[in-house]
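These are notes for a colleague who is opening this model for the first time. Please keep the sequence and the structure in view while reading the points below.

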Amino acid sequence: FIGMLDFDEAFENWNRLIDKKEHTWAFVIKDETKGLLLKHRKFNGHVFLIPVPVNRAKYASHKYGKKSMLSLELLFPDSIIKRFVDKISMPGGAALLHFCDDKKTKFAELTNKFDKNDFANFESIFKIVNDIINK
């Protein structure tokens with residue numbers, strides 16, 4: 001199995017896998033920019049958090065933990081998602097992007113019309129899945 005998680009509140013669930021006393025999971029990739037990937041030691045299973053592109057580093061990190069806010073949709077360029085997200089102001093002048101109401105559904109319905117270049121931040125996800133399947 002291959003499990004892919006957004007790098008958001010799911011970080012807490014993913015992190016619990018590492019903390020299990022029986023050490024059933026082993027790190028394969030430990031670099032947030034390439035994806036945090038674990039492999040089950042007994043079964044042929046993998047779980048990973050989506051890689052954090054440089055332009056989204058302020059949204060997700062080990063240091064933010066479960067307060068990370070990187071969903072799959074935020075891997076698309078700002079030029080595309082700006083119509084679908086609301087900016088939530090944060091202390092210090094930062095702003096978080098957040099899909100509100102039914103905007104996420106409307107966004108998803110349009111993805112089949114996107115250019116292949118719009119999926120550039122997904123390359124690392126495709127690489128992870130490809131590497132798992134071919135090893």
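1. In this predicted model, helix α4 spans residues 123–134, and over its 12 residues the distance from the first C-alpha to the last is 16 Å, close to the 16 Å expected at 1.5 Å a residue.

2. Which residues of α4 are buried? They are I125, I128 and I132, and because they cover an arc of only 60 degrees around the axis, they lie on the same side of α4. This agrees with a general property of the α-helix: with 3.6 residues a turn, residues three or four places apart point the same way. On the face turned away from that buried side, α4 carries the exposed residues E123, K127, I133 and N134.

3. The buried residues of α4 pack against four strands, namely β1 (2–5), β2 (25–31), β3 (35–40) and β4 (46–49).

4. I125, which lies in helix α4, deserves a separate look. Its relative accessibility is 5%, and it therefore counts as buried, the cut-off for that class being under 20%. Leaving aside neighbours within four places in sequence, I125 is in contact with M4, F48, I50, P51, L72 and L75. For one of these contacts, F48, the C-alpha atom is separated from that of I125 by 9.2 Å, although the two residues are 77 residues apart along the chain.

5. The next point concerns the sheet. Its 4 strands form an open arrangement in the order β1-β4-β3-β2, with mixed pairing. The edge strands are β1 and β2, each of which pairs on one side only, and the twist from one strand to the next averages 15 degrees.

6. How do the strands beside β4 run, parallel or antiparallel? β1 and β4 run parallel and are joined by 4 bridges, whereas β3 pairs with β4 in the antiparallel sense, also over 4 bridges. On the β1 side, G3 has V47 in β4 as its bridge partner, while I2 stands opposite H46 in β4. H46 is also the bridge partner of K39, and β3 and β4 form a hairpin with 5 residues between them.

7. As a general rule, side chains in a regular strand alternate between the two faces of the sheet. In β4 both faces are covered, since H46 and F48 on one side and V47 and L49 on the other are all buried. F48 is thus a residue to view from both directions, as a buried member of β4 and as a contact of I125.

Conventions: Residues numbered from 1 in each chain as written. Predicted model: local features only at pLDDT ≥ 70, side-chain atom pairs only at ≥ 80, totals over all residues. Heavy atoms only, no water. Helix = DSSP H or I, 4+ residues; strand = E, 2+ residues; numbered from the N terminus. Expected span 1.5 Å × (residues − 1). Buried < 20%, exposed > 50% of the residue type's maximum accessible area, 1.4 Å probe, protein only. Arc of directions from axis to C-beta. Contact = heavy atoms within 4.5 Å. Pairing = 2+ DSSP bridges. Axes fitted to C-alpha atoms, helices over the stretch in contact; angles between N-to-C directions.
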